[in-house]
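Subject: Structure handover

Hello,

I am passing this structure on to you. Please have a look at it before you read my notes below.

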Amino acid sequence: MIADSVYAKRYTLIGDFMALKIWLDDKLVDEAEAKISVFDHGVLYGDGVFEGIRVYGGRVFELQAHLRRLYESAKVIRLDVPMGKDELLSAVEKTVEANGVIDGYIRLVVTRGVGTLGLNPFICEDGRLFIIADNIQLYPEELYEKGLKVISATTVRNHPLAVPPQIKSMNYLNNILAKIEALDSDVPEAIMYNHEGYVAEATGDNVFIVRDGIVYTPPAEAGSLEGITQNVVIKLAKQEKLEVVEKNLTRFDLYVCDEFFLTGTAAEVIGIVEIDSRVIGDGRPGPITKLLKNKFFEYAHGKKKRDK
Ligand code: PMP
């Protein structure tokens, strides 16, 4: 299983040679010292926000956009990020450098901090902030060539008047329930729909389809996180003179589209070739998916991908 291999890799790295340096609050500490209290409301209630960010060629990808989303998520849940944007930007860069990460993944988390067993967030001590810079590959290369199969989740995406999906909060249970449905069906991803039946997003990625040469993606109001990869891919598609339309999509639209792909920080751009046993196109990632996948690679890495 994918999850097992990531887990195994991480432990091999620690066991063999690579304990990480973690940024905790205001400094870098050894991984073994990077600890959070069991009374932290992040642990007790999933009360906090986070970002997942990529490093390509030693450069932190779209850091300003990630920081903007982090501070916006924090504002909505009335959490004070315990440092300013410039300081945080420098902390991220120092963490990447300290761990010698050239191509990798950063997890930046701000928790509510230590409180009592009650819900009241305002009696918590200062928020805790930690940054992990590590390696990641979500899907094996082969799946980028062949494309993924997905299912429609029965778990409905959070209603915008509950926890708005635009907040990247530490509480991912809504998405985890959908992920469990996918794994139970032996596929790696599930598509989530909102309370009105429109496509929201995948459990950790945004959705795109192509029909008659036009690229469609649901707006954030449909119940998705506004994806940083999604925005980059929209920009790249427009540069390629493709028409991009943000509109509500139905399950029917997914079943009959010509191409289907997901975007996200970890997955980048990955084709979907089957949903609920309906084959998309000719069962392989289509030409626009491939074009945007390659353009994204070039944009992120600043160079062309060598074809195998
Ligand atoms: N939706 C959800 C629920 C996510 O967690 C993510 C990030 N993994 C995305 C969409 C994609 O957003 P981004 O491109 O900013 O990583």
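What follows is a short account of how two domains meet.

First, a caution: this is a predicted model.

The domain assignment splits the protein chain into domain 1 (21-134) and domain 2 (141-302). Their C-alpha centres lie 26 Å apart.

The two domains touch. On one side, 26 residues of domain 1 are in contact, and they meet 19 residues of domain 2. The area buried between domain 1 and domain 2 is about 1700 Å². Carbon and sulfur atoms give 64% of that area. Look at F50, Y56 and R69 in domain 1: these lose the most area to domain 2. Together they make up 33% of what the domain 1 side buries.

Now the polar side of things. Between domain 1 and domain 2 there is one salt bridge. R54 forms a salt bridge with E268, and the closest N and O atoms are 3.3 Å apart. Polar contacts between the domains come to ten residue pairs, counting pairs with both residues at pLDDT 80 or more.

Which elements supply the domain 1 side? Those that give two or more residues to the side touching domain 2 are α2 (41-45), β3 (48-56), α3 (63-76) and β5 (104-111). The strand β3 gives the most, with eight residues. By class, the domain 1 side has twelve nonpolar, seven polar and seven charged residues.

Best wishes

Note on methods. Residues numbered from 1 in each chain as written. Predicted model: local features only at pLDDT ≥ 70, side-chain atom pairs only at ≥ 80, totals over all residues. Heavy atoms only, no water. Domains from an automatic or database assignment. Contact = heavy atoms within 4.5 Å. Buried area = accessible area lost by both parts, 1.4 Å probe. Salt bridge = Lys/Arg side-chain N within 4 Å of Asp/Glu carboxyl O. Polar contact = N/O pair within 3.5 Å; in protein donor to acceptor, adjacent residues only side chain to side chain. Helix = DSSP H or I, 4+ residues; strand = E, 2+ residues; numbered from the N terminus. Nonpolar A, V, L, I, M, F, W, Y, C, P; charged D, E, K, R; others polar.
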